[in-house]
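This report describes selected helices, contacts and backbone features of the structure shown below.

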Amino acid sequence: MEDPVLIGEAMTGGYGGADILHSCTIAVEKGQIAVIVGPNGAGKSTAMKAVFGMLKLREGQVRLGGEDITSLSPQARVAKGMGFVPQTNNIFPSMTVEENLEMGAFIRQDNFRDTMEQVFTLFPILREKRRQPAGELSGGQRQQVAVGRALMTKPSVLMLDEPTAGVSPIVMDELFDRIIEVARTGISILMVEQNARQALEIADKGYVLVQGANRFTDTGQALLADPEVRKSFLGG
Amino acid sequence: MDPLNAIVLLANFVIVPALAYGSQLALGALGITLIYGILRFSHFAHGDIMAFGTAIVIMTTWGLQGAGITFGVLPTALLALPVGIAATILYLLAADRTVYRFYRKVRAKPMIFVMASLGVMFVTNGITRLIIGPGEQRFDDGTRFVFSVRDFREWSGLAEGLALRSAQALTIIVALIAMVLLFWFLNRTRAGKSMRAYSDNEDLALLSGINPERVVIITWAIAGTLMVLAGTLYGLDKSFRPFTYFQLLLPFFAAAILGGLGNPLGAIVGAYVVAFSEMGITYAWRRFFQHLLPDDWAPAGLMQLLPVDYKFAVTFAILVLVLIFRPTGIFRGKSI
């Protein structure tokens, strides 16, 4: 079988001290959406940080497009084609929307106007507000800025850490729609979500983590249909 | 009643001097605010490094004068500026390499940086006194006045006169050019934007591939340039003495905090507010009101709120009031 675009295989490690992840495996295929769900403290964000290199792994391997990137720094991974949207502090608040996008493209030496145009097409509200400081936008709009910033490097994989945290249900639905659109352009998406049910609905692949280990792994629909997953993690 | 004379009087003794002083403070406060925004600490060595840079400018000026080179109607010190700026930037980068970089690497708390900058301040203080001595130096040459009190009286026929000294005009013009260039750099260039991004959100800037060491070097270079400009212009306008320059630290910080730390526009506004407050509160307003009010209403006292010796008390009061009532400053900078 061919390697997925991105795979963190049998990852074990923590922030020094005890391990948080125990042989945890996360992967995403090209143009697909993979979602990590699980109870609080299950190590969802930690697993994502491990894939992005913000956490030192004791065991296991991370491969991007078949290449071993386990020893690379997060910055080097960005250059290799990974985009990361942190959960909080994910924009430059005093800079305009347009400047935020420019900073996203900082490592690019070529002309990035086309990419910015694509981001504006994807998030039309950002075009409207492009001269406004990003810190003055609403929560949902800021998340769009954050995702747009990460898209400026034309990543092959986009990683989102709880993109819908703290936004209203309507905005959440809209954000999920946008994320599906991003995936349709061929970019693989890996995200951590609190809103497990809605996230699994759009997921091609779902990972249910418990205490830093894989508990269930299946397509989003199959996990939603699994009575055990429903009972334990989706509230019936 | 003679409002025209009152305005001319005020311009001569308060407005023009405060504009010049405010411009000098603005250049210093801009450096403070940039360093605070990007390196995230209060740079206490600012006044003394300004004295160091100015000392280099003065000695270069003497050298040029000794060689018979002058700048016509303009002060020779302007020709010496590049030497002073280069020396100061090198000095700041050396301080960064030997002192601050270590604390950046271990991610020390801001207070430790402040203490380190205090150490740099004492060292610089000693170096400046070694190379030029603790005494007062005057190094202005060229034309002294754009127009003098007598010129103005003859031209206008008013009882009160207004003088504009070349150093004051030069200060205002140079400060204006420096500010425009700085804002152009910060808002229009890639390097400037990366500085603002780093100041806004350090982690995200790293994630975006912005090299922090490069940002730090650019910041020191800009702050050093602004310091030498401020110091040289202050010295031309008044006079140079290392201790006076150290004392300027208080109005610099007052201006930067009043405007909102980390906000360049705030530093400029804050600087002029501090300058006008110092001048306005220590000015004897009697003659002004004699011109403005009917004769029998004229005030008997000096109408001076505080003696000139207390001008730093005004600045200190502003600083305390801002910290109590609006710690983020006028333009909502970073809270300290």
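## Helix α13 of chain B and the residue B:H291

B:H291 is located in helix α13 of chain B; helices (H or I, at least four residues) and strands (E, at least two) are DSSP runs, numbered from the N terminus. The model is a predicted one, in which local features need pLDDT of at least 70 and side-chain atom pairs count only at pLDDT 80 or more, while totals for chains, interfaces and linings use all residues. Residues are numbered from 1 along each chain as its sequence is written, and chains are lettered from A and ligands numbered from 1 in the order in which they are written.

B:H291 counts as buried, with 20 C-beta neighbours inside 10 Å. A residue is buried if 20 or more other C-beta atoms lie within 10 Å of its own, exposed if 12 or fewer, and partly exposed in between, the C-beta atoms being placed from the backbone. The C-alpha atoms of B:H291 and B:M1 are separated by 5.5 Å, although the two residues are 290 residues apart along the chain. Neighbours within four places in sequence aside, B:H291 is in contact with B:D2, B:N5, B:A6 and B:L9; contact requires that the C-beta atoms of two residues, placed from the backbone, lie within 7 Å.

## Positive phi in chain B

Two residues of chain B other than glycine are listed here with their positive phi values.

| Residue | Phi | Loop in chain B | C-beta atoms within 10 Å | Class |
|---|---|---|---|---|
| B:R107 | near 50° | between α3 (77–105) and α4 (110–132) | 6 other C-beta atoms | exposed |
| B:M303 | near 60° | between α13 (286–292) and α14 (311–325) | 14 C-beta neighbours | partly exposed |

## Packing of α6 and α9 in chain B

In chain B, helix α6 (residues 166–188) packs against helix α9 (residues 212–237) at an angle of about 170°, and their axes are 9 Å apart. Axes are lines fitted to C-alpha atoms, for helices over the stretch in contact, and angles run from 0 to 180 degrees between N-to-C directions. α6(B) and α9(B) are therefore roughly antiparallel to each other, a term for angles over 145 degrees. On α6(B) the contact involves B:A167, B:Q168, B:L170, B:T171, B:V174, B:A178 and B:L182, and on α9(B) it involves B:I222, B:L226, B:L229, B:L233, B:L236 and B:D237. By class, this contact has 10 nonpolar, two polar and one charged residues. Ala, Val, Leu, Ile, Met, Phe, Trp, Tyr, Cys and Pro count as nonpolar, Asp, Glu, Lys and Arg as charged, and the others, Gly among them, as polar.

## Contact between the chains

Chain B contributes 13 residues to the contact and chain A contributes 17 residues. On the side of chain B that touches chain A, α7 (190–200) and α8 (202–207) of chain B each supply at least two residues. The largest share of that side, five residues, comes from α7(B).

## Helix α7 of chain A

Helix α7 (residues 169–184) of chain A has 16 residues and reaches 23 Å from its first C-alpha to its last. The buried residues of α7(A) are A:M172, A:F176, A:I179, A:V182 and A:A183. Seen down the axis of α7(A), these residues fall within an arc of 115°, so they line one face of the helix; the arc is that of the directions from the helix axis to the C-beta atoms. On the other side of α7(A), A:I170, A:D177 and A:R184 are exposed. The cover over the buried residues of α7(A) includes β3 (33–37), α4 (113–122) and β7 (157–161) of chain A. Just after α7(A), A:G186 has a positive phi of about 100°.

Definitions and conventions:
Angles under 35 degrees count as roughly parallel, over 145 as roughly antiparallel, 65 to 115 as roughly perpendicular and the rest as oblique. The expected span of a helix is 1.5 Å times one less than its number of residues.
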